[in-house]
Amino acid sequence: MTAGLILAAPASGSGKTTITLGILRALARKGIAVRSGKSGPDYIDPRFHEAATGQPCLNLDAWAMTPERIKGLAWGDDLMLIEGAMGLFDGAPPDGCGATADLARHLGLPVVLIVDAASMAGSIAPLVAGFAGFAPDVRIGGVILNKVGSPRHETMLRRALEPMGISVLGAVMRQTGIVTPSRHLGLVQAEERTDLEAFLDLAADHIAGSVDLDALTALAEPLPTATRTPAQPPAQTIAVARDRAFAFSYPHLLQDWQSAGAEVRLFSPLADEPIPEADLIYLPGGYPELYAGQLTGFVQRLKSAAETTDLYGECGGYMVLGDGLTDANGTRHEMAGLLRLETSFAKRKLHLGYRDVHADHGPFTGQWAAHEFHYATTLRADGEPLFTAKDAEGNVLPPMGLRQGRTYGSFAHLIDPRS
């Protein structure tokens with residue numbers, strides 16, 4: 001079934017992630033071949049999607065990717081359900097570019113609107129009518145009512161929506177037993193949840209009894225045909241750190257590198273696995289501040305590897321390449337000392353937003369669409385910068401990152417090269 005559907009909401013906090021996970025697991029349990037996508041620069045929700053379906057989940061980013069790139073990533077044989085980010089029309093400043101609505105436009109797919117109805121009754125009608133009529137090229141195919149208080153409440157909501165002619169696909173009652181714990185960057189990672197399977201099955205049970213899954217899948221429409229053109233790999237052999245401390249790598253880039261003929265060798269610093277022989281060592285972002293005390297042997301191996309191999313660190317990986325990292329408790333941990341960088345979580349400051357970055361040196365030269373999201377404070381950063389940078393509005397930002405010898409890194413998460 002080469003078809004797709006977008007699950008979105010009027011605002012963040014509407015419960016779309018939990019409902020999406022319940023739908024994905026419920027469909028998979030019915031034997032329906034289903035895969036998923038996630039709008040925007042999100043590392044955590046896609047791993048929950050993968051646990052729910054057993055299939056890879058790719059990021060589809062309408063700010064960072066061209067429409068053709070998005071079509072190429074979305075194309076496939078199975079039913080594709082795409083979870084939106086924030087509100088349906090919420091994107092990057094100044095004009096909302098990159099919103100979930102842009103994915104709907106690029107892919108020509110209908111949207112199922114997940115509405116938090118906990119504090120409304122008749123008012124749901126003008127809310128849904130507003131979303132349905134706001135942009136003629138973004139079609140609301142149906143509505144899922146979430147956080148419904150009682151059968152009587154459901155009746156009131158359905159009666160208010162009936163004159164609009166938009167299908168109500170289900171009413172999900174308020175449920176306190178399905179909890180998604182969080183920390184400073186959002187959800188706890190999927191692999192950290194010892195109750196993950198039970199959580200997904202509970203969500204699926206709740207959805208299967210509340211949502212008409214047959215009616216929902218019937219709304220899916222054909223995906224546009226496209227050819228996937230992979231990004232060029234930064235090296236022929238790439239050692240990629242992969243565990244709870246270094247979990248934030250984009251699957252589409254790793255798949256691109258492999259499709260282009262590069263060899264990707266995964267290893268776990270937390271499991272004290274040796275660094276594979278490679279032309280490039282790539283340290284993705286993650287939560288190294290939570291595991292800094294367990295990385296002592298790894299940072300020593302990085303020092304040795306830097307003598308003969310290029311190293312690249314992104315966000316958390318960048319901090320590990322520095323001199324020291326102070327955790328939230330104020331304890332300083334010695335890091336690899338390959339960059340003159342000192343960072344701290346004892347003094348937290350949010351850095352958030354899309355970035356356009358350009359490098360003349362290192363493994364990722366040229367122009368890249370990127371994203372920054374972290375709470376680390378930079379106490380010291382000395383040396384040659386790696387990237388020039390602009391924000392989503394085109395404002396020039398201070399240079400990002402550092403380079404020294406064969407070592408490179410920055411807080412920017414690279415999403416896709418700019419053509």
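Me: What makes glycine 394 worth a look in the hairpin of strand 21 and strand 22?

Reply: Its backbone angle: glycine 394 takes a positive phi near 85°. The hairpin has 4 residues between the strands. Keep in mind as we go that this is a predicted model.

Me: How do you know that strand 21 and strand 22 pair?

Reply: Two strands count as paired if at least two bridges are found between them. Strand 21 and strand 22 have 3 bridges, in the antiparallel sense, so the pairing criterion is met. One place to see this is lysine 390, which stands opposite valine 396 in strand 22.

Me: What makes strand 18 and strand 21 a pair as well?

Reply: The same test applies, with at least two bridges needed. Strand 18 (residues 351-359) and strand 21 (residues 387-391) are joined antiparallel over 4 bridges. Among the partners, aspartate 356 stands opposite lysine 390, and histidine 358 has threonine 388 as its bridge partner.

Me: Why can one speak of a covered face and an uncovered one in strand 21?

Reply: The residues fall into two sets along the strand. Phe387, Ala389 and Asp391 make up the covered face, while Thr388 and Lys390 make up the uncovered one.

Me: Which strands are the edge strands of the sheet that has the order 22-21-18-19-25?

Reply: Strand 22 (396-400) and strand 25 (413-417), each of which pairs on one side only. This is an open sheet of 5 strands with antiparallel pairing, and its twist averages 35° from one strand to the next. Helix 9 (residues 251-259) lies across strand 19 (366-374) and strand 25, and runs at about 50° to strand 25.

Me: Why is one side of strand 16 and of strand 20 left without a neighbour in their sheet?

Reply: That sheet is open, with 4 strands in the order 16-15-17-20 and mixed pairing. Strand 16 (332-334) and strand 20 (377-382) stand at its edges with a single partner strand each, so one side of each has no neighbour there. Neighbouring strands in this sheet are turned by 15° against each other on average, direction ignored.

Me: How do you know that strand 17 and strand 20 belong together?

Reply: At least two bridges are required for a pair, and strand 17 (residues 340-344) has 5 bridges to strand 20, in the antiparallel sense. One of the contacts to find on screen is serine 344, whose bridge partner is threonine 377 in strand 20.

Me: Why is leucine 339 called buried?

Reply: A residue is buried when its relative accessible area is under 20%. Leucine 339 has 0%, so buried is the right word. The residue lies in the loop between strand 16 and strand 17.

Me: What touches leucine 339, not counting residues up to four places away in sequence?

Reply: Tyr318, Leu321, Gly322, Asp323, Leu402, Arg403, Gln404, Thr407 and Gly409 do; the cut-off for a contact is heavy atoms within 4.5 Å. Aspartate 327 makes a useful reference point: aspartate 327 and leucine 339 are 12 residues apart in sequence and 18 Å apart in space, C-alpha to C-alpha.

Me: What makes strand 14 mostly covered?

Reply: Of the 5 residues in strand 14 (residues 310-314), 4 are buried. Strand 14 also has parallel partners: 4 bridges join it to strand 13 (residues 280-283), and 4 bridges join it to strand 24 (residues 407-410). Glycine 313 appears in both pairings, opposite leucine 283 and opposite glycine 409.

Me: Why is the unit of strand 13, helix 10 and strand 14 called right-handed?

Reply: Picture the strands pointing away from you: a crossover is right-handed if the path from the first strand over the helix to the second runs clockwise. Strand 13, helix 10 (residues 296-305) and strand 14 make a β-α-β unit of that hand.

Me: How do you know that the radius of gyration agrees with a compact globule?

Reply: For 419 residues, a compact globule would be near 22 Å, and the protein chain has 22 Å, so the two agree. The C-alpha atoms fill a box of roughly 70 × 40 × 40 Å along the principal axes. Buried residues make up 57% of the chain, which holds 11 helices and 25 strands.

Technical notes. Residues numbered from 1 in each chain as written. Predicted model: local features only at pLDDT ≥ 70, side-chain atom pairs only at ≥ 80, totals over all residues. Heavy atoms only, no water. Axes fitted to C-alpha atoms, helices over the stretch in contact; angles between N-to-C directions. Buried < 20%, exposed > 50% of the residue type's maximum accessible area, 1.4 Å probe, protein only. Rg over C-alpha atoms; globule rule 2.2 N^0.38 Å.
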